[in-house]
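This report describes helix packing and surface pockets in one protein model. The sequence and the structure are shown first, and the description follows.

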Amino acid sequence: MASWASNLAQKVGSKEFRSYLMSTHFWGPVANWGIPLSAIADFSSSPEKISGKMTTALTFYSLLFMRFSWMVRPRNYLLFACHATNEVAQLVQLYRFVDYNGGIAKVLKGSAQQLKDNSAKSA
């Protein structure tokens with residue numbers, strides 16, 4: 001037990017670990033955790049408040065940054081975990097949005113109608 005604690009203390013006290021704590025590799029993902037935590041907190045709120053467009057955008061955003069965090073060297077596991085959590089949370093929110101608005105066919109029909117209305121206004 002003592003050797004485990006001393007190993008941990010030695011790693012935490014190392015110059016390399018302190019350098020990591022002062023880098024954007026650490027603080028970027030820490031600051032970014034607000035997005036998935038907010039989405040998770042919204043699970044209990046009414047689905048009428050969910051923006052389908054924003055939820056879809058955040059879903060694609062997290063997919064892209066999951067890939068980025070995996071491909072960058074050294075791999076940023078903290079950023080990957082943040083965006084994987086956000087991806088799941090946004091997919092849950094998207095499901096709630098579609099379910100509340102009458103299913104995928106109705107949502108897509110409404111989006112198509114909105115596009116027609118917007119193009120008629122601009123013409």
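## Helix packing and pockets

The crossing of H3 and H6 is left-handed. The model under discussion is a predicted one. Helix H3 covers residues 24–32, and its axis comes within 8 Å of the axis of H6, with a crossing angle of roughly 15°. Angles under 35 degrees count as roughly parallel, and H3 and H6 are therefore roughly parallel to each other.

Helix H6 also packs with H4 and with H5. The table sets out the three pairs.

| Helix pair | Angle between axes | Distance between axes | Citation |
|---|---|---|---|
| H3 and H6 | roughly 15° | within 8 Å | |
| H4 and H6 | about 30° | 9 Å | |
| H5 and H6 | roughly 155° | within 8 Å | |

For H4 and H6, the angle of about 30° means that these two helices are likewise roughly parallel to each other. Their crossing is left-handed.

The pair formed by H5 and H6 has an angle of roughly 155° between its axes. Angles over 145 degrees count as roughly antiparallel, so H5 is roughly antiparallel to H6. The crossing of H5 and H6 is left-handed. By class, the residues of the contact between H5 and H6 comprise 14 nonpolar, 10 polar and one charged.

The loop between H5 and H6 contains Pro74. The peptide bond that leads from Arg73 to Pro74 is cis, and its omega is near -5°.

### The largest pocket

Which helices contribute two or more residues to the lining of the largest pocket? The volume of this pocket is about 340 Å³. It is lined by 14 residues, of which Gly52, Lys53, Phe97, Val107 and Ser111 are the closest to its centre. The elements that give two or more residues to this lining are helix H5 (52–71), helix H6 (77–100) and helix H7 (104–122). H7 supplies the largest share, with eight residues. Sorted by class, the lining of the largest pocket holds seven nonpolar, six polar and one charged residues.

Lys53, one of the residues closest to the centre of the largest pocket, belongs to helix H5. Is Lys53 buried or exposed? Its relative accessible area is 63%, and a residue counts as exposed over 50%, so Lys53 is exposed. Along the chain, Lys53 and Lys109 are 56 residues apart, and their C-alpha atoms are separated by 14 Å.

### The second largest pocket

The second largest pocket has a volume of about 170 Å³. Its lining consists of 13 residues, and those closest to the centre are Asp42, Ile50, Thr55, Gln90 and Gln93. Two or more lining residues come from each of helix H4 (34–41), H5 and H6. The contribution of H5, three residues, is the most that any element gives to the lining of this pocket. In terms of class, the lining of the second largest pocket divides into four nonpolar, seven polar and two charged residues.

Taken together, the descriptions of the two pockets share some elements. H5 and H6 are named among the contributors to the lining of the largest pocket, and H5 and H6 are also named for the second largest pocket. These two helices are the roughly antiparallel pair described above.

Notes
Residues numbered from 1 in each chain as written. Predicted model: local features only at pLDDT ≥ 70, side-chain atom pairs only at ≥ 80, totals over all residues. Heavy atoms only, no water. 1 Å grid on protein atoms, 1.4 Å probe; cavity = no way out; pocket = protein on both sides within 12 Å on 5 of 7 lines; lining within 4 Å. Points joined across faces, edges and corners; volume = space filled by probe spheres on them. Helix = DSSP H or I, 4+ residues; strand = E, 2+ residues; numbered from the N terminus. Nonpolar A, V, L, I, M, F, W, Y, C, P; charged D, E, K, R; others polar. Axes fitted to C-alpha atoms, helices over the stretch in contact; angles between N-to-C directions. Parallel < 35°, antiparallel > 145°, perpendicular 65-115°, else oblique. Left-handed = near helix turned anticlockwise from the far one by under 90°. Buried < 20%, exposed > 50% of the residue type's maximum accessible area, 1.4 Å probe, protein only.
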